[in-house]
Amino acid sequence: IHAKLNASGVGEKGTARVRIQADNFQAASDQWLLRFPRMGVDGRISPGPKLTYRGVIQLEKGEFAHNETGIRVSGISGSVPYTSEGQIAALPLTIEQVDFSGIKLQKIQSDVFVSGRTAIAGGSADLSDGRLKMRFNAGADSGATDNLFHIDFEIPATDLGAGSDLGNILPAMTGFRGGGGIGLLGKINMLPDSGLSSMAEITLTDVNLTSKQARLNVSGLSGTIRFDRLHELRTLPSQVLRFQSLSLGPAKIMDGRVQVQLDGLTSGLMERLDFAFSGGRVTTTAFRFPSQDTGMEIDFICDRLQLADLLNMITGKSNATGEGTISGVLPVRIGSDGIHFKEAHLATSPGDTGIIRVVDAADMTGGILLAEESIRDFSYEWAKVNIEDSRDHLNMVVQLSGKPRRKLPLKFDPARRDFVRDPSGERLVDLKGLLLELKFVDIDVNALLRESGLQSKK
């Protein structure tokens, strides 16, 4: 402890009144530093059988820093009443700024007092952009063996305006903009042996986020995130959030649910992601993010996707309708160069049948008239879809085993040894069974997903 002191004392009826003025006061250890350009003490000491004291400490423009936690406090000014025992009226104390793990609190107003070894404070603060207000209660006990310091804090639910610069609230989110409802409830403890402990619960309501650098866009994000180490932005496992739409790099999905554990703001383990797609649901296996240079390897587990929707997506048209679903696993690599599919097989569930109706199917059937007319209204007992990647493009084969639901307006031409349309339009051909095979070759997946709205357009 270093200080230049000017002290005086006067005895008054069994008590001693003490005034101390300290300039350039500084107290330090290997972990912390407390400094005041000017501070003063005005108090009374009563010897008696038991020494008692009380008074007021005047503080001006003080600073505090703690190395382990990275806490930085500046502009500590005001009056701190103290007593050796019992209660004493709190007095106002102001702090210009507190910086903790990149979170900046400003305009801190607090009432504080010291009783013996215990300090108690309560008040409010602004987060750096001024739109979020924090309430807190804090306490410290220099002689405690279990908890040297604690602070309980709350940010009441607040609606941020659209397009707010979130880096002004949390520097780790520099580059992110967004809006929506946010609230926070948390606690910080300073423990004698294990150091800092911090936890918090953040509630999001219909939040929108955008980051050009992370190539992330989220809308309608809602849920609660629980942090077990707030100062590291690390969450507990299996935190669940729901969203209306999410774009990550080139991929875009809708009506989703995220189960995640964060190791920081932009890294962690995606335990599970599921979302709506083609009338069914798609669920992923677990994967870590951000992706490495080779991209993210993810298995998409497809559950009861509408076959007609898939055909429309592949052809880029809306010619197919019907009832019937397929399921299976779709291995995918998502990288900076786009989306790439590995070999995959999807099929109808055992016992599930379906109907497919396709108008203007000439391109889809390769000009084979029998197949073109059959698929206009086709009932199938099973369907299979085989997918493989080919030089950054996609090849897909769709097999349907069944029969047309009505006679076909065709007749057999012996000269051509093939079916032709009956000029009269009469339905003469009644097929009892047919295996249709539809081939789609060299599909540009990334262009196709952009046009279908399942991939972000540049």
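In this predicted model, the count of salt bridges comes to 31. Three of the pairs are set out below with the separation of their closest N and O atoms.

| Acidic residue | Basic residue | N to O distance |
|---|---|---|
| Asp42 | Arg19 | 3.8 Å |
| Asp99 | Lys104 | 2.6 Å |
| Glu323 | Arg357 | 3.5 Å |

The salt bridge between Asp42 and Arg19 links distant parts of the chain, since Asp42 lies in strand S3 (residues 32-46) and Arg19 in strand S2 (residues 15-28), 23 residues apart. Asp42 counts as partly exposed because its relative accessibility is 30%, and Arg19 falls in that class at 38%.

In the pair formed by Asp99 and Lys104, Lys104 is partly exposed, with a relative accessible area of 27%. The salt bridge of Glu323 with Arg357 again connects distant parts of the chain, with Glu323 in strand S21 (residues 320-323) and Arg357 in strand S25 (residues 354-358), 34 residues apart. Glu323 has a relative accessibility of 44% and therefore counts as partly exposed, as does Arg357 at 26%. Elsewhere, salt bridges with shared partners join Asp255, Arg257, Arg272, Asp274 and Arg281 into one network.

Turning to internal space, the model contains one cavity of 30 Å³ or more, and the largest cavity holds about 60 Å³ of space. Its lining is made up of Glu373, Ser374, Arg376, Asp377, Pro404, Arg405, Arg406, Leu408, Pro409 and Arg427, which by class are three nonpolar, one polar and six charged residues.

Technical notes
Residues are numbered from 1 along each chain as its sequence is written. This is a predicted model: local features need pLDDT of at least 70, side-chain atom pairs count only at pLDDT 80 or more; totals for chains, interfaces and linings use all residues. Side-chain values use heavy atoms; hydrogens and water are left out. On a 1 Å grid over the protein atoms alone, a cavity is a set of points where a 1.4 Å probe fits but cannot get out, and a pocket is an open set with protein on both sides within 12 Å along at least five of seven lines; lining residues have an atom within 4 Å of a point. Grid points are joined across faces, edges and corners, and a volume is the space filled by probe spheres set on the points. Ala, Val, Leu, Ile, Met, Phe, Trp, Tyr, Cys and Pro count as nonpolar, Asp, Glu, Lys and Arg as charged, and the others, Gly among them, as polar. A salt bridge is a side-chain nitrogen of Lys or Arg within 4 Å of a carboxyl oxygen of Asp or Glu. Helices (H or I, at least four residues) and strands (E, at least two) are DSSP runs, numbered from the N terminus. Buried means under 20% relative accessible area, exposed over 50%, partly exposed in between (1.4 Å probe, protein chains only).
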